[in-house]
Amino acid sequence: MTVVTATASGKIILFGEHAVVYGQPAIAAPVTDVRATVQISPPTQADSDHILFIAPDLGANYTLDNAPEDDALARAVQLTAELYPGSLPPMIITVSSDIPIASGLGSGAAMAAAMFRALGQFLHLPPLHQAETICQLTYEIERIHHGTPSGIDNTVVTYEQPVFFQRQQPTNRIDRLPVGQPLTLLIADTGQRSATKDVVGDVRRQWEANPAKFNQLFTQCGQLTLAAQTAIAHGQQAELGHLLSQNHALLQQMSVSNEALDRLVAAAAAAGALGAKLSGAGRGGNMIALVTPTQQTAVQDALYQAGATNVIPTTIHPTL
Ligand code: PMV
């Protein structure tokens, strides 16, 4: 068995986070410049009986047998074992990622997808060569992080395409998103970590306490997503920027923004961004700003001045 390596990209949600959990459509895109990487190699003599996990960035090193119960990497191996004829061979699984964790960029989903891809190659396991299976299994891992994930993160990360996504029975609606013109976005980090599961749980409590208000907010998010789909297809950037800012206002009403996110959104707008919003679960993590190439540097500088700990520029390229 030879050494194999697989990766998966991060993601941003452009429209519809939270509302997507309640069946409204949402739009998300991969961020291919930041990735999770998994390398699997045959064991060395000293650890020849074990499946060993190594995360150099975290200083972590443990075997499958002594992994914590809710460990996502161990769970991925266990799910793979259910598909594998016989018992899994020993191996060394080394993971790394440049996607910031707990910040709305899909780090957990990317790590899981990279893990299943690498296991598929290392074990020559045909089901793990299929995107659909990777997507489903990654969803199972997302349940550890999220509780009730909508399915959007695992979908974007697996297919690495901008998607229009709607959670529905019996199968989710996943459409490729036509993109008429390149979209330049800046992704700015508040530096604050936020657990998606907690924020999603809190939105659920608020929805239960005030269903009329929250159903209306979710419906309005869905309408923005539909309008954005058209604007993206036709390259209507000014309109798109406007829709992003409107989505941020709805997220504020759900109480998932915070002072740091609002500060970055305001700074982007003041520096000439076409629109800006938080992206992902909120209460920390990242925000996104839509810019024209000429505004990019000014908005990037303004974001750093307003306290961003990191700014990642990314481009969503036109599709047919
Ligand atoms: O993982 P995050 O922080 O990007 O949040 C995912 C988006 C939510 O809509 C808040 C939750 C979900 O499962 O869709």
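**Exercise 1. Find which atoms of the protein meet the oxygen atoms of the ligand, starting from A281.**

Solution. Begin at A281: a polar backbone atom of this residue is 3.0 Å from an oxygen atom of the ligand. Keep in mind as you look that this is a predicted model. Next, turn to T196, where an N or O atom of the side chain is 3.0 Å from a ligand oxygen. Then go to S150, whose side chain has an N or O atom 2.5 Å from an oxygen atom of the ligand. A polar contact needs two N or O atoms within 3.5 Å, and the distances at A281, T196 and S150 can be checked against that cut-off. As for cover, the ligand has 370 Å² of accessible area on its own, and the protein covers 97% of it.

**Exercise 2. Describe the shell of residues around the ligand.**

Solution. Start with the count: 16 residues surround the ligand, and those that come nearest are K11, H18, S150, T196 and A281. Now sort the shell by character, which gives 7 nonpolar, 6 polar and 3 charged residues. Last, ask where shell residues come from: strand 1 (4-15), helix 4 (152-159) and helix 5 (196-209) each supply at least two.

**Exercise 3. Work out which strands pair with strand 2.**

Solution. Take strand 1 to begin with: 11 bridges join it to strand 2 (residues 26-41), and the two run antiparallel. Here you meet K11 again, with P30 as its bridge partner in strand 2. Move on to strand 6 (residues 163-166), which pairs with strand 2 in the antiparallel sense over 3 bridges; there F165 stands opposite A26. Finish with strand 5 (residues 91-97), joined to strand 2 by 6 bridges and also antiparallel. One pair to look for is A36 with S97 of strand 5.

**Exercise 4. Trace the open sheet of 4 strands and explain why strand 9 and strand 11 each have one side left without a neighbour.**

Solution. Read off the order, 9-10-8-11, with antiparallel pairing. Strand 9 (275-279) and strand 11 (310-316) stand at the edges with a single partner strand each, so one side of each has no neighbour in the sheet. From one strand to the next, the twist averages 25 degrees.

Inside the sheet, 6 bridges join strand 8 (residues 183-189) to strand 10 (residues 286-291), and L185 has L290 as its bridge partner in strand 10. Now add the helices. Helix 8 (residues 259-270) packs on the sheet, touching strand 8, strand 9 and strand 10, and its direction makes about 10 degrees with that of strand 10. Helix 7 (residues 237-253) lies across strand 8, strand 9 and strand 10, at about 40 degrees to strand 9.

Terms used
Residues numbered from 1 in each chain as written. Predicted model: local features only at pLDDT ≥ 70, side-chain atom pairs only at ≥ 80, totals over all residues. Heavy atoms only, no water. Near = heavy atom within 4 Å. Polar contact = N/O pair within 3.5 Å; in protein donor to acceptor, adjacent residues only side chain to side chain. Areas by Shrake-Rupley, 256 points an atom, 1.4 Å probe, with all protein chains shown as cover. Nonpolar A, V, L, I, M, F, W, Y, C, P; charged D, E, K, R; others polar. Pairing = 2+ DSSP bridges. Axes fitted to C-alpha atoms, helices over the stretch in contact; angles between N-to-C directions. Contact = heavy atoms within 4.5 Å.
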